[in-house]
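Colleague: I'd like a close look at how the ring side chains are placed in this one. Could you walk me through that part, and whatever sits around it?

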Amino acid sequence: MTTRWTAVRVLRDRTAGRCLTAVVVSGFGTSALWLASGVWVKDLTGSDGLAALCMLAMWAPTLAGPLLGTLADRHRRRPLLVALSLFMAVLLLTLCAVDGPGELWLLYAVLFVYGAAGTVHDAAESALVAGAVDRSLLGDFNGLRMTANEGMKLLAPLAGAGLYTAYGGPGVAVLDAASFLAAALVYLSLRVREERPAPAREGGRSATAEGVRHLWGDAGLRPLVLAGGVTMLCAGVSGALTYAVVEDLGHSPAYAGVLYAVQGAGSVTVGLLSGPALRRLGARRFAAYGISLLAVAVALRAVPYDPAAWACAAAVGVGLPAALIAVLTGVQQRTPGPLLGRVTATAGTLVHTPNVIGLAAGAVLVELLGHRAQLVALGVVLGVTAAVLLGQSPASADRTAARSASDASPA
């Protein structure tokens, strides 16, 4: 097994390096807009509820992930990514017309389309990378993508806040539009050979169901994705308890920012190491070990001691992304190319929707139950999830994967 540095392995591959560049560029603008849109609505209306609707508008389309992912399988992926990026660059410029509460409908509409286009974009990009990048680099690419995304979460909001202060919401919209334009140019520069997808033999509903059937019928992917969903559900509840944890430590709410920064550092670290770890352990064990670490970290957040809080934040930053990277890499490795867009989007819906449910449940439970008991209980649930995943027989999973690939691509 090679142990060369992850960044070097990915960047030496022309296609992987350029895809990663596109992810970083467009992700910078997206992270900036996430922050600015809520602040923009708050300034225009003074309403916390209307500001929170911005995130809901961007997230809601992911519920239609299985259907939206089908679009990524009906078209060649590189032209689709170019078209989506150019479309979003033009659409975002319409936000320059928002200068009062009367135009908020336009902001919400753009954010909703943004979320839908993002779901198709992620599915198409995953399929493009899986088909164009050497399979041994998929774990490295996904890990480095996680590192880049976490880095954007630390840097882009600061840039967005500065632009918003200087030029208002339209300034941030122009920045995001420019980032999509740059991403389109990067995708145009890719030199990949893609076969034109075969004409659809089934209607939209049947084609979508085909992706769901593949995901559910693969004995290796099904437990991996379900474990990812349970993990994100627990992570959502735990995240909603953050300010209760900070108060228990005796700090002001702003201290949560310190813990999030430490968590981000952990995510950067696991992103750099995930490629070699996935090659050594495989997606199933890598996810299980990450969830095990997360279980311990979440339970120990109940300890009101600063060094413990810092250590737990770093461990959460390592454990949670490990599960997400394992799910995406497993989907890419075990799914036939013609199905990859809709299977990726379906897996994304099953994994990320529970996180929002967990956040909502945690917001209610924190008012009813003590946060310490909840954290210990979440740690137990995560520990059981990891144990079940480790107990899966890899031999049966491999047999199912081979059968699924053969059935999907008959000789």
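Modeller: Arginine 222 puts its charged end over the ring of tryptophan 216, 5.6 Å from the ring centre. Bear in mind that this is a predicted model.

Now for rings facing rings. The structure has 1 aromatic pair, made by tyrosine 114 and phenylalanine 180. Their centres are 5.6 Å apart and the planes meet at 75°, which counts as edge-to-face because the angle is over 60 degrees. Tyrosine 114 belongs to helix α6 (residues 104-132) and phenylalanine 180 to helix α7 (residues 138-189), so the pair ties together parts that are 66 residues apart in sequence. Tyrosine 114 is buried, at 6% relative accessibility, and phenylalanine 180 is buried too, at 8%. The cut-off for buried is under 20%.

Helix α7 also turns up at the surface. Leu86, Leu181, Leu185 and Leu188 make a nonpolar surface patch of about 360 Å², and α7 gives the largest share of that patch, 3 residues. Take leucine 188, which sits in helix α7: its relative accessible area is 44%, so leucine 188 is partly exposed.

And in case you're wondering about cysteines: there are 0 disulfides here. Cysteine 54 is buried, with just 1% relative accessible area, and cysteine 312, at 5%, counts as buried as well.

Notes:
Residues are numbered from 1 along each chain as its sequence is written. This is a predicted model: local features need pLDDT of at least 70, side-chain atom pairs count only at pLDDT 80 or more; totals for chains, interfaces and linings use all residues. Side-chain values use heavy atoms; hydrogens and water are left out. A disulfide is a pair of cysteine sulfur atoms within 2.5 Å. Buried means under 20% relative accessible area, exposed over 50%, partly exposed in between (1.4 Å probe, protein chains only). Rings of Phe, Tyr and Trp (its six-membered ring) pair if their centres lie within 6.5 Å; planes under 30 degrees apart count as stacked, over 60 as edge-to-face and the rest as tilted. Helices (H or I, at least four residues) and strands (E, at least two) are DSSP runs, numbered from the N terminus. A charge sits over a ring if NZ of Lys or CZ of Arg is within 6 Å of the ring centre and within 35 degrees of the ring normal. Patches are made of residues with over 30% relative accessible area and no salt bridge: like charges are joined within 9 Å, nonpolar side chains (Val, Leu, Ile, Met, Phe, Trp, Tyr) within 5 Å. Accessible areas come from the Shrake-Rupley method with a 1.4 Å probe; for residues, only the protein chains shown count as cover. A salt bridge is a side-chain nitrogen of Lys or Arg within 4 Å of a carboxyl oxygen of Asp or Glu.
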